[in-house]
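Let's take a walk through this fold together. Please have the sequence and the model side by side as you read.

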Amino acid sequence: ASLSSHTLNTIPLGDELRLTINYLEMQKIRCGNALRFIIRVPEEVWTSYSLPAFSLQMLAENAIKHNILTLYRPLIITVTWQDGVITVSNNLQKKETDTQGTGVGLVNLQERYRILSGNNIIIEEKEDTFSVSIKALEYASSDH
């Protein structure tokens, strides 16, 4: 998938969701029931909108990287759609030994999205949840 999509391009929302679901299914093989995910995006919008390539997959990857995943404390990643905005959220249970990371992934997504749309993504951290919201782009072609 990474060879067929340049990182600045957008791809149809449905393609991005399928890529993310496939990634999460692969991670479930490794993590078992310590990882759960819920996708609540109506199929009728999958072909009408687009997102920066690998945006949702990267957000899911970040959630797995920075949080505790155990059978007793499963990580739950939720992807939702509301009024043209797609949100990836997870229950926040930061790893105690977490190396804070460089933040490059979110900064990169923020910049790519700003170049494509002129808008910002919304990053929100609360006591028990972390979420990133992205306004979906009207789908014109896969090569913006």
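What follows goes from the sheet to the helices, then to the core, the salt bridges and two backbone details.

Please keep in mind that this is a predicted model. A good place to begin is the sheet, which is open and has 5 strands in the order E2-E4-E5-E7-E6, with mixed pairing. At its edges are E2 and strand E6 (122-125), each of which pairs on one side only. From one strand to the next, the twist averages 10 degrees.

Now look at the edge formed by E2. This strand pairs with E4 in the parallel sense, over 6 bridges. Within the sheet you can find Phe 37 standing opposite Ile 77 in E4. Ile 77 will come up again when we reach the core.

With the strands in place, the helices can be added. H1 lies across E2, E4 and E5, and it runs at about 160 degrees to E2. H3 lies across E6 and E7, running at about 20 degrees to E7.

Which residues have the most contacts inside the largest nonpolar core? They are Leu 13, Val 41, Ile 77, Ile 86 and Ile 134, in a core of 33 residues. Many parts of the chain take part: helix H1 (13-31), strand E2 (35-40), E3, H2, E4, E5, helix H3 (104-117) and strand E7 (129-135) each supply at least two residues of this core. The largest share, 6 residues, comes from H2. As background, nonpolar side chains in soluble globular proteins tend to be buried together.

Leu 13 is a nice residue to centre your view on. Leaving out residues up to four places away in sequence, Leu 13 touches Val 41, Val 45, Trp 46, Tyr 49, Ser 50, Leu 51, Leu 56, Trp 81 and Ile 86. Two of these partners, Val 41 and Ile 86, are also on the list of core residues with the most contacts.

Helix H2 deserves a second look for a polar residue, Gln 57, which lies in that helix. Is Gln 57 buried or exposed? Its relative accessibility is 13%, so Gln 57 counts as buried. Apart from neighbours within four places in sequence, Gln 57 is in contact with Glu 16, Leu 19, Thr 20 and Tyr 23. Those four partners fall in the 13-31 span of helix H1.

Next come the charged pairs. How many salt bridges does the structure hold? There are 3. In general terms, side chains of opposite charge can pair when their charged atoms come close.

Start with Arg 18 and Asp 15, whose side chains meet at 2.8 Å, N to O. Both residues lie in helix H1, 3 residues apart, which is about one turn of the helix. Arg 18 is partly exposed at 42% relative accessibility, and Asp 15 is partly exposed as well, at 36%.

Helix H3 has a salt bridge between Glu 111 and Arg 114, again with 2.8 Å from N to O. These two residues are separated by about one helical turn, because they are 3 residues apart in the helix. Glu 111 has a relative accessible area of 37% and is partly exposed; Arg 114, at 36%, is also partly exposed.

The pair of Lys 94 and Glu 125 meets at 3.1 Å, N to O. This salt bridge links distant parts of the chain, with Lys 94 in the loop between E5 and H3 and Glu 125 in strand E6, 31 residues apart. Lys 94 is partly exposed, with a relative accessible area of 40%, and Glu 125 is partly exposed too, at 47%.

To finish, check the backbone at two loop positions. Phe 54 has a phi near 65 degrees, a positive value in a residue other than glycine. You will find Phe 54 in the loop between strand E3 (49-52) and helix H2 (55-66). Asp 83 also has a positive phi, of about 50 degrees, although it is not a glycine. Its place is in the loop between strand E4 (75-82) and strand E5 (85-91). The surroundings of the two contrast: Phe 54 is buried, with a relative accessible area of 17%, whereas Asp 83 counts as exposed at 71%.

Technical notes: Residues are numbered from 1 along each chain as its sequence is written. This is a predicted model: local features need pLDDT of at least 70, side-chain atom pairs count only at pLDDT 80 or more; totals for chains, interfaces and linings use all residues. Side-chain values use heavy atoms; hydrogens and water are left out. Buried means under 20% relative accessible area, exposed over 50%, partly exposed in between (1.4 Å probe, protein chains only). Contact means heavy atoms within 4.5 Å. A nonpolar core is a set of buried Ala, Val, Leu, Ile, Met, Phe, Trp, Tyr and Cys residues joined through side-chain atoms within 4.5 Å. Two strands pair if DSSP finds at least two bridges between them. Axes are lines fitted to C-alpha atoms, for helices over the stretch in contact, and angles run from 0 to 180 degrees between N-to-C directions. A salt bridge is a side-chain nitrogen of Lys or Arg within 4 Å of a carboxyl oxygen of Asp or Glu.
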